[in-house]
Amino acid sequence: MNSDLLSKVWAQPNIRPQLTDSEWEDVLGQARRGSLLGRLAQHHADHGWLATVAQRQRYYLEGALRRVDRQRFEVQWELDCIRRALESVDCRVVLLKGAAYFVADLPPRRGRLFNDIDIMVERSHLPEVEGALLRAGY
């Protein structure tokens, strides 16, 4: 396995990767382990390169795009649930990492897959926020 194949894709973002089947296996594995398969797939879709990828590898990329698309609705629903759960709490809630990218529609949002939604609140409001989230089922 070549450990830097995925890095080469990101290092030259406007050049279509010319990979052998074996290298594609490495890149897909590296992307999966790094939770970057969605971003790799979105990168290829954004550049119009999906059709140039062999069918076997394209299957994984297209599957990742479907997962990203489905998760976009799930994240929006989850954010709405969190907002409703915290309506009665009078404090500022800051979204972090992926959720912040998502809400602000920043470039790192594209192709991003989520495991959770991270928020930050003032320490003095933490018990109240935790209680509201627990009452809402979190």
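**Exercise 1. Work out what share of the chain is buried, and how spread out the chain is.**

*Solution.* Start with burial: of the 138 residues in the chain, 35% are buried. Keep in mind that we're working with a predicted model here.

Next, get the layout. The chain has six helices and two strands, and reading along the sequence gives the pattern α-α-α-α-β-α-β-α. Now for the spread: the radius of gyration is 19 Å, while the globule rule gives 14 Å for 138 residues, so the chain is more spread out than a compact globule.

You can also look at the box that the C-alpha atoms fill, which is roughly 55 × 25 × 25 Å along the principal axes. To finish, add the surface: about 8900 Å² is accessible, and carbon and sulfur atoms hold 50% of that.

**Exercise 2. Describe how helices H2 and H3 pack, and name the residues that make the contact.**

*Solution.* What do you need in order to describe two packed helices? You need the angle between their axes and the distance between the axes.

Take H2 (residues 21–33) and H3 (residues 37–47): their angle is about 125°, and their axes are 7 Å apart. Angles from 65 to 115 degrees would be roughly perpendicular and those over 145 roughly antiparallel. H2 and H3 are therefore oblique to each other.

Now find who touches whom. H2 brings Trp24, Val27, Leu28, Ala31 and Arg32, and H3 answers with Leu37, Leu40 and His44. Sort these contact residues by type and you get six nonpolar, one polar and one charged.

**Exercise 3. Decide whether glutamine 57 is buried or exposed, and list its contacts.**

*Solution.* First, place it: glutamine 57 is in helix H4, which covers residues 55–85. Then check the cut-off, since buried means under 20% relative accessible area. Glutamine 57 has 1% relative accessibility, so it counts as buried.

Skip the neighbours within four places in sequence, and glutamine 57 is in contact with Asp21, Trp24, Glu25 and Leu28. Two names there should ring a bell: Trp24 and Leu28 are also among the H2 residues that contact H3.

**Exercise 4. Do the same for valine 103.**

*Solution.* Valine 103 sits in helix H5 (residues 97–104). The cut-off for exposed is over 50%, and valine 103 comes in at 53% relative accessibility, so it counts as exposed.

Again leaving aside neighbours within four places in sequence, valine 103 is in contact with Leu79 and Leu95. Look at leucine 79: it is 24 residues from valine 103 in sequence, yet their C-alpha atoms are 9.1 Å apart in space.

Notes:
Residues numbered from 1 in each chain as written. Predicted model: local features only at pLDDT ≥ 70, side-chain atom pairs only at ≥ 80, totals over all residues. Heavy atoms only, no water. Axes fitted to C-alpha atoms, helices over the stretch in contact; angles between N-to-C directions. Helix = DSSP H or I, 4+ residues; strand = E, 2+ residues; numbered from the N terminus. Parallel < 35°, antiparallel > 145°, perpendicular 65-115°, else oblique. Contact = heavy atoms within 4.5 Å. Nonpolar A, V, L, I, M, F, W, Y, C, P; charged D, E, K, R; others polar. Rg over C-alpha atoms; globule rule 2.2 N^0.38 Å. Buried < 20%, exposed > 50% of the residue type's maximum accessible area, 1.4 Å probe, protein only. Areas by Shrake-Rupley, 256 points an atom, 1.4 Å probe, with all protein chains shown as cover.
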